[in-house]
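Please walk through this structure with me, one region at a time. Keep the sequence beside the 3D view.

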Amino acid sequence: CVAKYYADEELPVRLCYTGNTYTNTLKLQGKLKEVTQIGAELVNDDSSAADAEIIATVIDCFNEIGISDFQIEIGQIDYFKGLVAESGISEDEEDQIKEYIHIKNFFGLEEYVDALDISDSLKKAFVAFDSLFGGISMLDKAEGYVSNETSLEAVKRLRRVYAALECYGYQDHISFDIQESYSADILMEPVMLLSRAVVTIIFSSSLERMHRLSVLPSLLRSS
């Protein structure tokens, strides 16, 4: 609806909403398919400051309902995309690497990547996904594995977002997880997924930049 009603808007637009949504997937058999969803969107601003603002909104939500012991994990899909583009691997090979990372079979990942016709440095970079999570110092490690501009810029942007969140005083709630970033390529916009007391936030590039906060209260109550 944002694209429909705000297509000609040039200034940043901040929206919020709440309502019931429905999910119909095999993975949800035996579970409720109707959930109450609360969301906030920031449109028409592709700056790292806007990234930080929407993350700060997540933290404000937790603080408002009395949850103080939580961590927000931030990822950036362009890091993985840069490696894929640089390596020139096929779509099937890319999907297989994603699957190994997703199920955390890093022994299988190492064996699979070792057989690919790519440079040793790229093999090392793909295998390193098993350790690309942690605090701000982890970004130094992630940066050291890559040389392509897309992946390097992804790391730089994460640094800028962290610096902005320091201005909010929220840095103690922030960590990074590039390991899961690849999964955002199935989404048209950046999405924040809540799981218990950990929020995973994945940013991706898009022609029409949108930041979205999606919170499921049922998960908040159980954390």
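Asp140 is partly exposed, because its relative accessible area is 48%. In this predicted model, the residue takes part in a salt bridge with Arg159, and the closest N and O atoms are 2.7 Å apart. The pair links distant parts of the chain. Asp140 sits in helix α7 (residues 138–144), Arg159 in helix α8 (residues 149–168), and 19 residues separate them. Arg159 is partly exposed as well, with a relative accessible area of 26%.

Helix α8 includes Arg159. Turn now to Arg160. Which residue forms a salt bridge with Arg160? The partner is Glu153, and the closest N and O atoms lie 2.8 Å apart. Arg160 has 35% relative accessibility, so it counts as partly exposed. Glu153 is partly exposed too, at a relative accessible area of 33%. Shared partners also matter for the wider picture: salt bridges join Asp140, Glu143 and Arg159 into one network.

The count of salt bridges comes to 6. One of them pairs Lys98 with Glu94, with 3.2 Å between the closest N and O atoms. Both residues belong to helix α4 (residues 91–102). They are 4 residues apart, so about one helical turn separates them. An α-helix has 3.6 residues a turn, so residues three or four places apart point the same way. Are these two charged residues buried or exposed? Lys98 is buried, with a relative accessible area of 12%. Glu94 is buried at 17%. The cut-off for buried is under 20%, so both values qualify.

Follow the chain out of α4. Lys104 lies in the loop between α4 and α5. Its phi is near 60 degrees, a positive value in a residue other than glycine. Most residues other than glycine have a negative phi. Lys104 is partly exposed, with a relative accessible area of 45%.

Next comes helix α5, which spans residues 106–114. What does this helix give to the negative patch? It gives the most, with 3 residues. The patch on the surface is formed by Glu110, Glu111, Asp114, Asp120 and Asp130. Glu111 lies in α5. At 64% relative accessibility, Glu111 counts as exposed, because the cut-off for exposed is over 50%.

Now look at helix α3 (residues 77–87). How many of its residues are buried? The number is 8 of the 11, so the helix is largely enclosed by the rest of the structure. The buried residues are Ile77, Asp78, Tyr79, Phe80, Gly82, Leu83, Val84 and Ser87. After α3 comes Gly88, with a positive phi near 70 degrees.

The N-terminal end of α3 has a cap. Which residue caps that end? Gln76 does, placing a side-chain oxygen 2.8 Å from the backbone nitrogen of Asp78. Asp78 is itself one of the buried residues of α3. Gln76 belongs to strand β3 (residues 71–76). Gln76 is buried, since its relative accessible area is 4%.

Gln76 also leads to a distant part of the sequence. Phe176 and Gln76 are 100 residues apart in sequence, yet their C-alpha atoms are 9.1 Å apart in space. Phe176 lies in strand β5 (residues 174–177). At 1% relative accessibility, Phe176 counts as buried.

Go back towards the N terminus for the last stop. Asn44 is placed in the loop between β2 (34–43) and α2. Its phi is near 70 degrees, a positive value in a residue other than glycine. Asn44 is partly exposed, with a relative accessible area of 27%.

Beyond that loop, helix α2 covers residues 48–64, and Thr57 is found in it. Thr57 counts as partly exposed, at 26% relative accessibility. Where is Ala40 relative to Thr57? The two are 17 residues apart in sequence, and 8.5 Å apart in space from C-alpha to C-alpha.

Key: Residues numbered from 1 in each chain as written. Predicted model: local features only at pLDDT ≥ 70, side-chain atom pairs only at ≥ 80, totals over all residues. Heavy atoms only, no water. Patch = residues over 30% accessible without salt bridge, like charges linked within 9 Å, V, L, I, M, F, W, Y side chains within 5 Å. Areas by Shrake-Rupley, 256 points an atom, 1.4 Å probe, with all protein chains shown as cover. Salt bridge = Lys/Arg side-chain N within 4 Å of Asp/Glu carboxyl O. Lys, Arg positive; Asp, Glu negative; His and termini not counted. Charge placed at Lys NZ, Arg CZ, Asp CG, Glu CD. Helix = DSSP H or I, 4+ residues; strand = E, 2+ residues; numbered from the N terminus. Buried < 20%, exposed > 50% of the residue type's maximum accessible area, 1.4 Å probe, protein only. Polar contact = N/O pair within 3.5 Å; in protein donor to acceptor, adjacent residues only side chain to side chain.
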